[in-house]
Amino acid sequence: MEMLATVVGVVIKSLVFIVGMFLAAAYLTLIERKFAGHVQQRPGPLHVGFHGLLQPIADALKVLTKEDLVPNNVDKVLFYLASLLAFVPAIMILSVIPFGEPFTIFGIEIKPYITDLNIGLILALAFSSISIYGVIFAGWASNSKYPMIGGLRKAAVLIGYEVALGFAMVGPIMMAGSFSLREIVYAQEGFFGAFIWYQPLAFIVILFAILAETGRTPFDVQEAEAELVSGYNTEYSGMKFGLFPLAEWYIGTFVLSAIAVILFFGGWKGPEIFGPLSPFIWFFLKVFMMFMFFLWVHWTLPRYRVDQITEIAWKVMLPLSLLNIFITAIIIMIKG
């Protein structure tokens, strides 16, 4: 019975997290369009619902009801699989992200995370790495030159920044002495105990890596509308087309921002000024601020060339992440 209760609990929490992530991603599109509108001195969505609040629902209905076209001569297995491989790994990262401390309701302990693995950070990295196959398969299976070029560009960018991202995370791991995301949060005590004060190099590298991983400007060379029509997803339509930006730009950016908040800003820790909800409010407020930073960069900077992006990865970000490991090791040795 205990095992059955555990399984049922995990299933219920998974459904809650997935549905919640879908709703959050839908309204993150509205936030981005409003933000972009104000940056460009225009109002953004206004007409569907009060101040455009129902616009994400209208967009979802439009995508779901659009005709699903499949070009001739595509590799249909990989063509259909690609959108799932881009979307599912981003959702799976949610399984290891802790959103706060366990709490009790009616005598039942609720843990606001699906699982607490001692290798949670490694698993999150593994899931984020799988998404590269979605982009590569989309480019290859489309049997078209523009998607193929876009897929190869994305692969080149991800390979470089995945390496830098992995090494940049080593610094906070060394300071916390654990791969568990909850243990990393617990290792950051107080305002000046946050790892951002001790790992600024790692934080800078991870910011660049998140932009590259999610294909946000100035790293959106896999789409590059002025050069590649729509890049790797040019031949897609309907919901299969919608899954790519949903996974990369919104769900991917959200979960990677959450990991950055856990690594550098103490996760859900903060003054208990909101009562029992303080941990959750602080966590989502920090994640929201990270997300808004990425929007600001996206709608401000021009696109880099793909050769510039890969050079930054291998010649700047990777050496910085290795230097950060060296400095962190020295500091830990001196303290120890």
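Reader: Is phenylalanine 137 buried, partly exposed or exposed?
Author: Happy to start there, with the reminder that this is a predicted model. The relative accessibility of phenylalanine 137 is 22%. Buried would need a value under 20%, and exposed one over 50%. Phenylalanine 137 therefore counts as partly exposed.

Reader: Where do tyrosine 133 and phenylalanine 137 both lie?
Author: These two residues are 4 apart in sequence, which is about one turn of a helix. Tyrosine 133 has a relative accessibility of 45%, so it counts as partly exposed. Both residues belong to residues 120-141, that is, helix α4.

Reader: How many aromatic pairs does the structure hold?
Author: Tyrosine 133 and phenylalanine 137 are a good place to begin. The count of aromatic pairs for the structure is 21.

Reader: And what kind of aromatic pair do tyrosine 133 and phenylalanine 137 form?
Author: Their ring centres are 6.1 Å apart, and 50° separates the planes. Under 30 degrees would count as stacked and over 60 as edge-to-face, so an angle between these limits has another name. The pair of tyrosine 133 and phenylalanine 137 is tilted.

Reader: Which of the two terms, buried or partly exposed, fits phenylalanine 294?
Author: Its neighbour in number, phenylalanine 293, has a relative accessible area of 28% and is partly exposed. Phenylalanine 294 has a relative accessible area of 1%. The limit is under 20%, so the term is buried.

Reader: Which residues form one aromatic cluster with Phe79?
Author: Here a set of rings is grouped together rather than a single pair. Joining Phe79 in one aromatic cluster are Tyr80, Tyr236 and Phe244.

Reader: Which residue lies over the face of tyrosine 250?
Author: This is a charge over a ring, and the cut-off is 6 Å from the ring centre. At 5.5 Å from the ring centre of tyrosine 250 lies arginine 216.

Reader: Which helix gives the most residues to the largest nonpolar core?
Author: That core has 71 residues, and Ile97, Tyr161 and Phe283 are among those that touch the most other members. The largest contribution is 16 residues, from the stretch 238-264. That stretch is helix α10.

Reader: How many residues are in the other core, apart from this one?
Author: Its members include Phe79, Ala86, Tyr232 and Tyr236. The total for this separate core is 11 residues.

Reader: What does phenylalanine 283 touch, not counting residues up to four places away in sequence?
Author: Phenylalanine 283 is one of the residues with the most fellow members in touch within the largest nonpolar core. Leaving out those sequence neighbours, the residues that phenylalanine 283 touches are Ile97, Pro98, Phe99, Ala258, Val261, Ile262, Gly267 and Trp268.

Reader: Which elements give two or more residues to the lining of the largest cavity?
Author: There are 2 cavities of 30 Å³ or more, and the largest holds about 180 Å³ of space. Of its 18 lining residues, Ser128, Ser131, Glu213, Ala247 and Gly252 lie nearest the centre. The elements giving two or more residues to this lining are α3 (76-92), α4, α5 (145-168) and α10.

Reader: With which residues is serine 128 in contact, leaving aside its neighbours within four places in sequence?
Author: Serine 128 lies in helix α4. Its relative accessible area is 6%, so serine 128 is buried. Sequence neighbours aside, its contacts are Ile93, Glu162 and Glu213.

Reader: Which elements give two or more residues to the lining of the largest pocket?
Author: The largest pocket holds about 980 Å³ of space. It is lined by 33 residues, and Thr29, Asp59, Val63, Gly242 and Pro245 are the closest to its centre. Two or more lining residues come from each of α1 (2-39), α2 (55-65) and α10.

Notes. Residues numbered from 1 in each chain as written. Predicted model: local features only at pLDDT ≥ 70, side-chain atom pairs only at ≥ 80, totals over all residues. Heavy atoms only, no water. Core = buried A, V, L, I, M, F, W, Y, C linked by side-chain atoms within 4.5 Å. Buried < 20%, exposed > 50% of the residue type's maximum accessible area, 1.4 Å probe, protein only. Contact = heavy atoms within 4.5 Å. Phe/Tyr/Trp six-rings, centres within 6.5 Å; stacked < 30°, edge-to-face > 60°. Lys NZ or Arg CZ within 6 Å of the ring centre and 35° of its normal. 1 Å grid on protein atoms, 1.4 Å probe; cavity = no way out; pocket = protein on both sides within 12 Å on 5 of 7 lines; lining within 4 Å. Points joined across faces, edges and corners; volume = space filled by probe spheres on them.
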